Structure formats: C-alpha cells, structure tokens
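Colleague: I am still learning to read structures, and I would like a close look at a single part, the sheet together with what packs on it. Could you take me through the strands and then the helices, slowly and in a connected way?

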Amino acid sequence: MQRPGQRVRLEHVAHLVMVASGKGGVGKSTVSVNLAVALAQRGARVGLLDADAYGPSVPMMLGVRKPQAGAGWGATLPLGQRGGPTLAPLERFGVRIMSVGFFIGEEQAVAPMPDVLGLMVRQLLHSVAWGELDYLLLDLPPGTAEPQSTLCRELRFDGVLLVTTPQDIARIDTAKALAMFQANQVPVLGVVENMSGFICPHCGQRSDIFPPSERPRTQLDDVPVLVSVPLDPVAGRSGDQGQPIVVGVPHSPVALAFTALAARFAALLGD
C-alpha cells in the first residue's frame, strides 16, 4: 500500500522520464516523438504518453488517429476507482502510444480545472496496458503547474529532459521549470536546445536566428546541453505528414541530432 508522501514506480517500466519545457512553442512534442522513435530504432521497448491536454500533438506527428470501436479499447476508469489497465496503446514506428488527443476531436478545445488535469493524466497513465518497457516518455504541457505537480508528488521518475530554444525568453521560463523539478528532487538529465540555428533548404548553410544572450547566467547554464537541434523546414513538414524526421529523412542534420540524443539519453540512464 502506498504511504502518504511515498512516490511509486510504474510496474514493468524500467525508466520513467518526463519531457518538459517552461515555455510553449519550443518543439517539445517534436523532441518527444523523434526521441521515442530513435530509441525504438536502437532496439529499445518504448512507450510515449502525450499528456498535453491543451494541445495534444503526438497523434498527428505520428500519423495515428483515434481507433474505431471494437479495436480492443475500453473506457477509462472513473477517477479514484481501482482496477487494472483497461486501454491498449497503439503502436507506430515501434513506439507504444497513448494520447489525450485520442479522446477528443482535433479542433476540440479542452480546459480542465488544474487539479483535475493532474488526476486525469495520472489515471490515464495507470489505465494503459503498456507491457514491458525500457523507457516510458511523458510529453507534458509547458509550464510548472499541472499535471507536473501531481506527477512529481506521486510517481518516482528517473529524470526529466528540458527543451528550450536559444532565445532568452524561452531560457528564462525553462530555468523556472528547472527550479520546480529540482525542488521536487527529480533528476534533470539535460537540456535539448531546439531550433539552434537555421539550415537553408537551398544552400545548406547554417545561420543563427536568435542573437547571443546578454542576460546574466541562470541555473540553466549549469545543466549540460545534450544536443543542439537545428531548425529545418523538413522537420516541420515531417511532423505535419505524420512521419518523424528520423524515419522520413534519417540522414538529415536534424535526424542525426535526434539519433545522437537517443544515444546520450540511453547512456545517462545506464543503458
């Protein structure tokens, strides 16, 4: 029985990791999807939970839609009700997937109360029959509120991966997220610096699109940058078409960056 204040591990999941950002629009879901697929390409058993109720992007980025009735799905358990897993995840590119987006329309707005959102994500997490996994990634909404607060309080995580762009305003918000995870004693694995320079689709040259920072150092500067992912229009098109760039254009600079990230991520977790 779980004691008050005791964080629990998920059964059959070797490593539970959050992918988080302090600010929206930094490409967190792109990082989550491509990291998950790159890990699967390395032979790992990977699950991905899209927990961003406000803007679930994973179904579109992986080219999957809500399953039809009779596809082995059950209803989620009411909040607070005990029972075993009732949902079978979908699988795409070797990754087992569950998303809040499977339960709502693509253009439907969802605005749960903050405290309800944390409980909803926790319930969804426990209601999926993930099977044996080497890694389960949680793609979280931006910010430092829910469901982060509930998840950090109740589950034992192996780490969090922070996603930011080189822009000062994004880095400041990510520093706030860093402080929140540190306060909750969640190991911070490192930073993914997304949109780090622009690759011209015509000549292939790289150009910086954010000016060098002129602000004082923050705690974020002390966290290692695991990889810098360049900005390439191909990556955006790949996501819109439901085919991650590590699959569609595997030898592109962006795909190679995600492949390198997967190797470093696995090494950090001792695999």
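Modeller: A good place to begin is Leu-49, whose bridge partner in strand S5 is Leu-138; please keep in mind throughout that this is a predicted model. That pair belongs to a set of five bridges joining strand S2, residues 46-50, to S5, and the two strands run parallel. S5 also has a partner in strand S1, residues 13-20, with which it pairs in the parallel sense over six bridges, and here Val-19 stands opposite Asp-139 of S5. As background, strands of a sheet pair through backbone hydrogen bonds, and they may do so in a parallel or an antiparallel way. Six of the seven residues of S5, which covers residues 133-139, are buried, so this strand is largely enclosed by the rest of the structure.

Now follow S2 to its other partner. S2 and strand S4 pair in the parallel sense over five bridges, and within this pairing Asp-50 stands opposite Ser-99 of S4. Strand S4, residues 95-99, has four of its five residues buried, so it too is largely enclosed by the rest of the structure. S4 is also joined to S3, by three bridges, but these two strands run antiparallel, and the bridge partner of Leu-90 in S4 is Ile-97. S3 and S4 form a hairpin with two residues between the strands, and in this hairpin Phe-93 takes a positive phi near 55°.

With these pairings in hand, you can read the whole sheet, which is open and is formed by eight strands in the order S3-S4-S2-S5-S1-S6-S7-S10, with mixed pairing. Its edge strands are S3, residues 90-92, and S10, residues 225-228, each of which pairs on one side only. From one strand to the next the twist averages 25°. Further along that order, strand S6, residues 159-164, and strand S7, residues 188-193, pair in the parallel sense over five bridges, and Leu-161 stands opposite Gly-190 of S7.

Helix H5, residues 168-183, packs on the sheet and touches S1, S6 and S7, and its direction makes about 170° with that of S6. Helix H8 packs on the sheet as well, touching S1, S5, S6, S7 and S10, and its direction makes about 165° with that of S10.

Let us stay with H5 for a moment. H5 has 16 residues and reaches 23 Å from its first C-alpha to its last, which is close to the 22 Å expected at 1.5 Å a residue. Its buried residues are Ala-170, Arg-171, Asp-173, Thr-174, Ala-175, Ala-177, Leu-178, Met-180 and Phe-181. When you look at such a list, it helps to recall that an α-helix has 3.6 residues a turn, so residues three or four places apart point the same way. What covers the buried residues of H5 includes S1, helix H4 (148-154), S6 and S7. Asp-173 is worth a separate look: its relative accessibility is 18%, and since buried means under 20%, Asp-173 counts as buried. Leaving aside its neighbours within four places in sequence, Asp-173 is in contact with Gly-22 and Lys-23. After H5 comes Gln-185, whose phi is positive, near 60°.

We can now turn to H8, residues 253-268, whose 16 residues should span 22 Å at 1.5 Å a residue; its end C-alpha atoms are 22 Å apart, which agrees. The buried residues in H8 include Val-254, Ala-255, Ala-257 and Phe-258, together with Leu-261, Ala-262, Phe-265 and Ala-266. H8 is followed by Gly-270, which has a positive phi near 80°.

H8 also packs against another helix, and it is useful to know that two packed helices are described by the angle between their axes and the distance between the axes. Helix H1, residues 28-41, and H8 pack at an angle of about 70°, with their axes 9 Å apart, and H1 and H8 are therefore roughly perpendicular to each other. The crossing of H1 and H8 is right-handed. On the H1 side the contact is made by Thr-30, Val-31, Asn-34, Leu-35, Ala-38 and Leu-39, and on the H8 side by Phe-258, Thr-259, Leu-261, Ala-262 and Phe-265.

Methods:
Residues numbered from 1 in each chain as written. Predicted model: local features only at pLDDT ≥ 70, side-chain atom pairs only at ≥ 80, totals over all residues. Heavy atoms only, no water. Buried < 20%, exposed > 50% of the residue type's maximum accessible area, 1.4 Å probe, protein only. Pairing = 2+ DSSP bridges. Expected span 1.5 Å × (residues − 1). Axes fitted to C-alpha atoms, helices over the stretch in contact; angles between N-to-C directions. Contact = heavy atoms within 4.5 Å. Parallel < 35°, antiparallel > 145°, perpendicular 65-115°, else oblique. Left-handed = near helix turned anticlockwise from the far one by under 90°.
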